[in-house]
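Subject: Handing over a structure

Dear colleague,

I am passing on the structure below, and after it I set out what was found. Please read the notes with the structure open beside them.

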Amino acid sequence: MKHRKKVLDDVWKELELGLEKSKHPFHIFTLTTINGDFPDSRYVVLRNVNEAKKTIFFNTDKRSNKIKHIKENNNACALFYDIVKKIQLRLYGTIEEEKNLDILKNIWSKSREMSKQCYLNKYAPGTAIENSKDYVNNNLDMDINDGFSNFAVLKIKIDRIDWLNLSHKGHERLMFDLKKNKSDWISP
Ligand SMILES: Cc1cc2nc3c(=O)[nH]c(=O)nc-3n(C[C@H](O)[C@H](O)[C@H](O)COP(=O)(O)O)c2cc1C
């Protein structure tokens, strides 16, 4: 049986690796938000990890539905699965939008052109369009950095981590309460 502290240290270590390596299974995660009575899930890319602040970050379009959801209810769950290590992580917490303009500008400036391009789309994500490519902005006067006005960085402040390790020797599951700084083994 692994030491609980080592499990938690490994969680943060693997999240950091997910950040650095695009092929790492934690590079992309499923984010679930609440839309009224219904959960809604989608994949997003892990963009930053701050262990000290127990926070993970991702980028999105300000006009997207997930932003509307979190304005009503900012509870969220981030789901990760490492198929090689057979580790599932469920991170429960609350989402906040980064409002500091300097921080936003700095993150934007480090974004790749390809990523910046998405924020130039003519219509908000989820808007009905006549033809599949009608969202493309053909305005030649537009600069790639004009997309900044649609750019948002969201932070998930993690309160609980549900760690599940599948193993032929017997599955193991630990629940970390980061607020109370305690952990409990639970039945998988
Ligand atoms: C592999 C993958 C990575 C994605 N990464 C992001 C991302 O980092 N940010 C984002 O807003 N959408 C990302 N998307 C698109 C979302 O899954 C989703 O379709 C979009 O954000 C609209 O979601 P919403 O209507 O729930 O806001 C990604 C999709 C895939 C398949």
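Two terms come up from the start: helices (H or I, at least four residues) and strands (E, at least two) are DSSP runs numbered from the N terminus, and two strands pair if DSSP finds at least two bridges between them. Please keep in mind that this is a predicted model, in which local features need pLDDT of at least 70 and side-chain atom pairs count only at pLDDT 80 or more, while totals for chains, interfaces and linings use all residues. Residues are numbered from 1 along each chain as its sequence is written.

To begin with the strands, strand 1 (residues 28–35) and strand 5 (residues 75–82) run antiparallel and are joined by three bridges, with Leu31 standing opposite Ala78 of strand 5. Strand 5 also pairs with strand 6 (residues 87–97), again in the antiparallel sense, over eight bridges, and here Leu79 has Arg90 in strand 6 as its bridge partner. Four residues lie between the strands in this hairpin, where Lys86 takes a positive phi near 60°.

Ala78 appears again in the largest nonpolar core, which has 22 residues and in which Phe29, Ile56, Ala78, Ile156 and Ile161 have the most contacts. Such a core is a set of buried Ala, Val, Leu, Ile, Met, Phe, Trp, Tyr and Cys residues joined through C-beta atoms within 7 Å, where buried means that 20 or more other C-beta atoms, placed from the backbone, lie within 10 Å of the residue's own, exposed that 12 or fewer do, and partly exposed in between. Helix 1 (4–20) and strands 1, 4, 5, 6 and 7 (the last being 151–165) each supply at least two residues of this core, and strand 7 gives the most, with six residues.

Around the ligand there are 15 residues, near in the sense that the C-beta atom, placed from the backbone, lies within 6 Å of the molecule, and Arg42, Thr60, Ser64, Asn65 and Lys66 come nearest. Strand 2 (38–45), strand 4 (55–61) and helix 2 (65–72) are the elements that give two or more residues to this shell, and strand 2 gives the most, with five residues.

Lastly, Lys180 lies in the loop between strand 8 (172–177) and strand 9 (182–185), and Lys180 counts as exposed because it has 9 C-beta neighbours inside 10 Å.

With best wishes
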